[in-house]
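I opened this model to see how the chain is built. My notes follow in the order I looked things up.

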Amino acid sequence: MNDEEQILAALDRELPPGPPAPAGLVGELKPVPPGLSTGSVLTLFAALLCAITVGGGALFGARGLEAMTVAQVMILSALGTTLVLLLGLAMTQGLRPGSKVWLHVGWANVLPLLGFLAVAALAFPWRWMPETFGHGWGCLKEGIYVALASSVGVVWLVRRGYVTNWSGTAGTLGAFCGLVGAALLHVMCPDQEATHLIVWHGGILASGTLGGLLAGYILLRRH
């Protein structure tokens, strides 16, 4: 008999059994559904990002991908993989109280935007074209629509967990959905210029994160 079994046996001897629960109460109890594992969340995030970017590029064209160099594609692929990993870990810890904290939720909300802005500024050329800059409104609107659509695929995650930090968890979901929208637009948009990417494609990430934080704040007020 190990130490744990000895302790449990001693507690059984020392503590008298309590009164039985009322029959009606027992009938009302429902089993708690098992939460998603870290691997399941990471797989879901990666599958959703790949499905939307690859599917959208196949349906609507991949002119942005064709306009990028091999080095830019590799850098963005590495960035996307890293962000999916970080957001998946942050999402898991937000749904399972007491789980290991891999990344502070505040960093999970801002790292996608900061990472994308840094890559856009350093890996893409600066060619200011004021006559076409206003066309970015179309990119912003389409990216936000994609982010909203992708949110349907991840909202059910919240129902599988127990959220204690509504604002932070919703902000993480919003950051991920913004990442999905920005990734698809990056594949489709041929304007691979730093100013355009920072303002319009970065605006998709910023809108997704802020929208998630706002939704989390509203849910927090309701709970």
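Entry one, the lining of the second largest pocket. I found that helix 8, helix 9 and helix 10 each supply at least two residues of the lining of the second largest pocket. Helix 8 gives the largest share of that lining, eight residues. I noted 21 lining residues in total, and Ser151, Ala170, Gly174, Gly212 and Ala215 are the ones that lie nearest the pocket's centre. Sorted by class, the lining has 13 nonpolar, seven polar and one charged residues. The space in this second largest pocket comes to about 410 Å³. I should record here that the model is a predicted one.

Entry two, the largest pocket. I wrote down about 560 Å³ of space for the largest pocket. Its lining has 24 residues, and Thr53, Leu76, Ser77, Ala183 and Val187 lie nearest its centre. I then asked which helices supply at least two residues of this lining. They are helix 3, helix 5 and helix 9. Helix 5 provides the largest share, eight residues. I counted no charged residues in the lining of the largest pocket, against 18 nonpolar and six polar ones.

Entry three, the overall plan. I stepped back to the whole protein and found 10 helices and zero strands. Read from the N terminus on, the elements run α-α-α-α-α-α-α-α-α-α. The protein has 223 residues, and 39% of them count as buried. I also looked at contacts between residues at least 6 apart in sequence: 86% of these join residues at least 24 apart.

Entry four, the core. I looked up the largest nonpolar core, which has 44 residues. Phe45, Leu87, Met91, Val154, Leu157 and Phe176 have the most contacts inside this core. The elements that give two or more residues to the core are helix 3 (38–60), helix 5 (70–95), helix 6 (105–123), helix 8 (136–159), helix 9 (166–188) and helix 10 (194–222). Helix 9 gives the most, 11 residues.

I followed one core residue further. What is leucine 87 in contact with, leaving aside its neighbours within four places in sequence? I listed Phe45, Ala108, Pro112, Thr172, Ala175, Phe176 and Leu179.

Entry five, leucine 197. I placed leucine 197 in helix 10. Is leucine 197 buried or exposed? Its relative accessible area is 0%, so I put leucine 197 down as buried. Leaving aside its neighbours within four places in sequence, leucine 197 is in contact with Phe116, Ala120, Phe124, His186, Asp191, Gln192 and Gly202. I checked one of these partners, phenylalanine 116: the two residues are 81 apart in sequence, and their C-alpha atoms are 8.9 Å apart in space.

Entry six, the cysteines. How many disulfides are there? I arrived at a count of zero disulfides. I then looked at the accessibility of two cysteines. Cysteine 50 counts as partly exposed because its relative accessibility is 46%. Cysteine 177 has a relative accessibility of 6%, so cysteine 177 counts as buried.

Notes. Residues are numbered from 1 along each chain as its sequence is written. This is a predicted model: local features need pLDDT of at least 70, side-chain atom pairs count only at pLDDT 80 or more; totals for chains, interfaces and linings use all residues. Side-chain values use heavy atoms; hydrogens and water are left out. A nonpolar core is a set of buried Ala, Val, Leu, Ile, Met, Phe, Trp, Tyr and Cys residues joined through side-chain atoms within 4.5 Å. Buried means under 20% relative accessible area, exposed over 50%, partly exposed in between (1.4 Å probe, protein chains only). Helices (H or I, at least four residues) and strands (E, at least two) are DSSP runs, numbered from the N terminus. Contact means heavy atoms within 4.5 Å. On a 1 Å grid over the protein atoms alone, a cavity is a set of points where a 1.4 Å probe fits but cannot get out, and a pocket is an open set with protein on both sides within 12 Å along at least five of seven lines; lining residues have an atom within 4 Å of a point. Grid points are joined across faces, edges and corners, and a volume is the space filled by probe spheres set on the points. Ala, Val, Leu, Ile, Met, Phe, Trp, Tyr, Cys and Pro count as nonpolar, Asp, Glu, Lys and Arg as charged, and the others, Gly among them, as polar. A disulfide is a pair of cysteine sulfur atoms within 2.5 Å.
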